[in-house]
Amino acid sequence: MNTYLDCVPCFLRQSLEAARGISEDIHVHEQLVRDVLRMTAELDLDRSPPFVGQAIHRRLRELTGVKDPYLAAKRRFNRLAMEALPELATRVKHAEDPFLAAAKCAVAANAIDMGIASAITEADVRAVLCGLSGEEVHGGCQRFLEAAADAKDILYLADDAGEIAVDRLVIEALGPARVTVAVREAPVLNDATMDDAQQVGMDKLVRVIDNGSDAPGTILDDCSASFRRRFDQADLIIAKGQGNFETLSGVGTNIAFWFKVKCPVVARRIGLPVGTHALLPPTIRLPTRTIAFDGGHP
């Protein structure tokens, strides 16, 4: 997915919120915003929004000297999700359609995203976790299950800390032996890294790899060669989160996108309202750039 002019205000909001959430130094806030203004002035709109997100958070880490600014929050979110997991597993087990219930939980947990709401609290996370499996979703699992039936090699692209614990419900239903989970190599926002996968025991359930990147999505030309080979070999890919949709939509027809729709640009692109919990099947095809905003400007 390309970047639209409508994305620019969001880049500025995200940078200022992130800077304020990590540092009390107003000079850091000002410097980051000025840097982002310069970035957007020279932005290649053919790149996806996570390309800019990656640059913003690299610069924030440079300015603050903090390698993983969201570390404490990620650990809290992982703990809260693990505490909720036994009850969620029981709900899924007794659901009329256990796999759909697990998928609903996994998509609803995508709301644990500090890129959209940097001030997300433990109370917010608890509210998300308490409501899991009861949320309505757009799309279903039938076409996904048809694709999964013959898939011997499933690549599961994880998104956020906390959320990755809930992903266990889907992976257990699919059969862990044929699933590999991929996480970010280095910290960005509250996206899951190998450390988060280990905290929630994902490495005890399946093989976990990193993608060689610190982008808040999967920018293939920024990922390691070993990850790209693994990506190309997969029979079926589950891409969690809006960032993975933004970076991988149009890349292939074996990718299922599971995420909460969090911004108007993505909402208009897929024709669903903001807030929708989407289970987009692996055969979805979207145009590269056909949507016009603000009098025809992309």
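**Figure 1. Glu83 and its partner on helix 4.** Glu83 counts as exposed, at 53% relative accessibility. Here, exposed means over 50% relative accessible area, buried means under 20%, and partly exposed lies in between, with a 1.4 Å probe and protein chains only. The model is predicted: local features need pLDDT of at least 70, side-chain atom pairs count only at pLDDT 80 or more, and totals for chains, interfaces and linings use all residues. Residues are numbered from 1 along each chain as its sequence is written, and side-chain values use heavy atoms, with hydrogens and water left out. Glu83 forms a salt bridge with Arg79 (a side-chain nitrogen of Lys or Arg within 4 Å of a carboxyl oxygen of Asp or Glu). The closest N and O atoms of this pair are 3.5 Å apart. Arg79 is partly exposed, with a relative accessible area of 37%. Both residues belong to helix 4 (residues 71-93), where a spacing of 4 residues separates Glu83 and Arg79 by about one helical turn. Helices (H or I, at least four residues) and strands (E, at least two) are DSSP runs, numbered from the N terminus.

**Figure 2. Glu87 and Arg91, also on helix 4.** A salt bridge joins Glu87 to Arg91, with 3.1 Å between the closest N and O atoms. The two residues lie 4 residues apart in helix 4, about one turn of the helix. Arg91 is partly exposed, its relative accessible area being 27%. Side chains of opposite charge can pair when their charged atoms come close.

**Figure 3. Leu85, a buried residue of helix 4.** Leu85 lies in helix 4. Its relative accessible area is 11%, so Leu85 counts as buried. Leaving aside neighbours within four places in sequence, Leu85 is in contact (heavy atoms within 4.5 Å) with Ala165, Val166, Arg168 and Leu169. Ser224 is a remote reference point: Leu85 and Ser224 are 139 residues apart in sequence and 32 Å apart in space, C-alpha to C-alpha.

**Figure 4. Arg168 and Glu172 on helix 8.** Arg168 is among the residues that Leu85 contacts. Arg168 also forms a salt bridge with Glu172, the closest N and O atoms being 3.5 Å apart. The partners sit in helix 8 (residues 163-174), 4 residues apart, and are separated by about one helical turn. Arg168 is buried, with a relative accessible area of 16%. Glu172 counts as partly exposed, at 41% relative accessibility.

**Figure 5. A salt-bridge network and the loop at Ser23.** Asp35, Arg38, Arg59 and Glu62 are linked in a network of salt bridges. Ser23 lies in the loop between helix 1 (8-22) and helix 2 (26-41). Ser23 is buried, with a relative accessible area of 14%. Its contacts, leaving aside neighbours within four places in sequence, are with Val28, His29 and Thr64.

**Figure 6. Phe144 and its surroundings.** Phe144 belongs to helix 7 (residues 142-149). Phe144 is buried, at 1% relative accessible area. Not counting residues up to four places away in sequence, Phe144 touches Phe99, Leu174, Leu236, Ile238, Ala256, Trp258 and Pro282. The C-alpha atoms of Phe144 and Ser15 are separated by 36 Å, with these positions 129 residues apart along the chain counted as their spacing.

**Figure 7. Helix 5, mostly covered.** Helix 5 (residues 98-108) has 9 of its 11 residues buried. Phe99, one of the residues that Phe144 touches, is among the buried residues of helix 5. Others on the buried list include Lys104, Cys105 and Val107.

**Figure 8. The views in the context of the whole protein.** The secondary structure comes to 13 helices and 6 strands. Along its principal axes, the C-alpha trace spans about 50 × 40 × 35 Å. Of the 298 residues, 53% count as buried. Among contacts between residues at least 6 apart in sequence, 72% join residues at least 24 apart. The protein has 34 positive and 41 negative side chains, and the centres of the two sets lie 2 Å apart. Lys and Arg count as positive and Asp and Glu as negative; His and the chain ends are not counted. The place of a charge is NZ of Lys, CZ of Arg, CG of Asp or CD of Glu. A search of the whole structure finds 20 salt bridges.
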